[in-house]
Amino acid sequence: MPPLRKNRSKFRGDKSGFCAFCTRTLCYEYGSAKSGRNKGLALIMVLWIVAALSLLVVGMSQTVRGQVRAAQAVSEQVAAQALAEGAIALALQQLKAESARPEGMAATRVSYGGVEMQVLVQPLSGLISLNAAQPPLLSALLQVAGGVPEKQADQLAHAIDTWRAGGTGDATRRVPRRQFESADDLLLVPGMDYATYARIRPLVTADTYQHTNVNPLAAPLPVLLVLARGNAAVAQRIASRRDAGEAGVDTTGLDPALTGAGFSQFFRVTARVPLDAGRIFSLAHDVTLSAYSSSIAPWRTLRTQGQVLPAGS
């Protein structure tokens with residue numbers, strides 16, 4: 001008898017894997033088709049799992065690299081700050097030992113911890129005193145550095161003076177005379193917005209109380225620009241000749257009503273530490289050398305500010 005031929009057109013497979021026409025013989029054709037589909041689904045699942053794991057590994061690697069870079073940056077900045085603190089202390093020791101205080105800005109090179117750094121000593125009389133400057137100087141500051149129109153600048157300068165005098169904005173109520181404890185107190189003055197404050201903040205100090213005008217020999221270039229009423233050529237000429245060490249710098253072109261010489265016991269000492277990629281870590285201490293009782297150091301640090309400057313600064 002010839003062997004039984006399975007009718008493919010009438011094949012009906014069930015879950016047991018046997019042919020619908022034969023209860024004794026396993027239908028290998030149905031089993032092979034089912035097995036092939038299962039293998040295909042398994043392969044797709046494996047590929048998806050591999051792709052997900054790959055994305056997870058890449059994400060974790062990027063996170064770890066970012067954390068390592070952040071830790072290195074913090075470590076580098078801490079080391080730079082320690083070097084800057086040492087350089088500032090050496091410069092202050094030398095300044096304290098000298099019989100005469102510098103009237104203008106003085107730059108020097110200091111070697112500490114095997115690193116050579118630039119240290120700049122600047123009398124705070126070269127900045128605009130928030131506690132002593134008169135309205136004409138404050139108005140010039142607001143116009144030139146703050147970008148405020150003249151009429152509005154005059155009003156805001158008067159508001160600063162009124163705030164110092166104890167004004168509250170209410171004509172029927174006044175408080176005792178106030179002092180600026182820091183430049184941030186400018187934001188307490190009615191009419192002062194943050195954008196203007198941010199532009200003039202580097203040019204002012206709240207640590208001097210007697211300098212109504214500004215010493216041009218100690219003034220940074222942006223302050224010289226204020227004293228020159230915005231004349232950049234005049235400000236640049238004076239700054240270049242002064243920084244070159246020229247004696248008897250001609251300050252013609254500056255508004256004489258805004259300038260004045262003054263001896264100061266308050267200084268800003270700034271150390272610049274070179275970092276990688278040409279960056280600079282800058283640390284500034286505002287200090288006073290006035291005599292006072294202290295068992296720690298012969299000077300007192302009033303405030304400190306550190307920042308990392310980009311290459312070329």
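**Figure 1. Buried residues of helix H3 in the predicted model.** In H3, the buried residues are Ala153, Leu156, Ala157, Ala159, Ile160, Trp163 and Arg164. Because they cover an arc of only 155 degrees around the axis, they lie on the same side of H3. An α-helix has 3.6 residues a turn, so residues three or four places apart point the same way. Lys151 and His158, on the other side of H3, are exposed. The structure shown here and in the other views is a predicted model.

**Figure 2. Surroundings and length of H3.** The buried residues of H3 pack against E3 and H2. H3 has 15 residues, which at 1.5 Å a residue should span 21 Å. The C-alpha atoms at the two ends of H3 are 21 Å apart, which agrees with the expected span. Just after H3 comes Gly166, with a positive phi of about 105 degrees.

**Figure 3. The largest nonpolar core and a second core.** The largest nonpolar core has 42 residues, and Ile128 and Met192 are those with the most contacts inside it. Two or more residues of this core come from each of H2, helix H3 (150-164), helix H4 (194-200), helix H5 (221-227) and helix H6 (232-243). H3 gives the most to this core, six residues. A second core, separate from this one, has 22 residues, among them Ala87, Ala271, Leu275 and Leu283. In soluble globular proteins, nonpolar side chains tend to be buried together.

**Figure 4. Contacts of Met192.** Which residues does Met192 touch, not counting residues up to four places away in sequence? They are Leu142, Leu156, Ile160, Leu186, Leu187, Tyr197 and Ile200. Two of these, Leu156 and Ile160, are among the buried residues of H3. Met192 is also one of the residues with the most contacts inside the largest nonpolar core.

**Figure 5. Asn131 and its polar contacts.** Asn131 lies in the loop between strand E3 (128-129) and helix H2 (135-144). Is Asn131 buried or exposed? Its relative accessibility is 10%, and buried means under 20%, so Asn131 counts as buried. The side chain of Asn131 reaches the backbone nitrogen of Phe180 at 2.6 Å. A polar atom of the Asn131 side chain also lies 3.1 Å from the backbone oxygen of Ala206. Not counting residues up to four places away in sequence, Asn131 touches Arg164, Arg177, Gln179, Phe180, Ala206, Thr208 and Tyr209. One of these, Arg164, is a buried residue of H3.

Key
Residues numbered from 1 in each chain as written. Predicted model: local features only at pLDDT ≥ 70, side-chain atom pairs only at ≥ 80, totals over all residues. Heavy atoms only, no water. Helix = DSSP H or I, 4+ residues; strand = E, 2+ residues; numbered from the N terminus. Buried < 20%, exposed > 50% of the residue type's maximum accessible area, 1.4 Å probe, protein only. Polar contact = N/O pair within 3.5 Å; in protein donor to acceptor, adjacent residues only side chain to side chain. Contact = heavy atoms within 4.5 Å. Core = buried A, V, L, I, M, F, W, Y, C linked by side-chain atoms within 4.5 Å. Expected span 1.5 Å × (residues − 1). Arc of directions from axis to C-beta.
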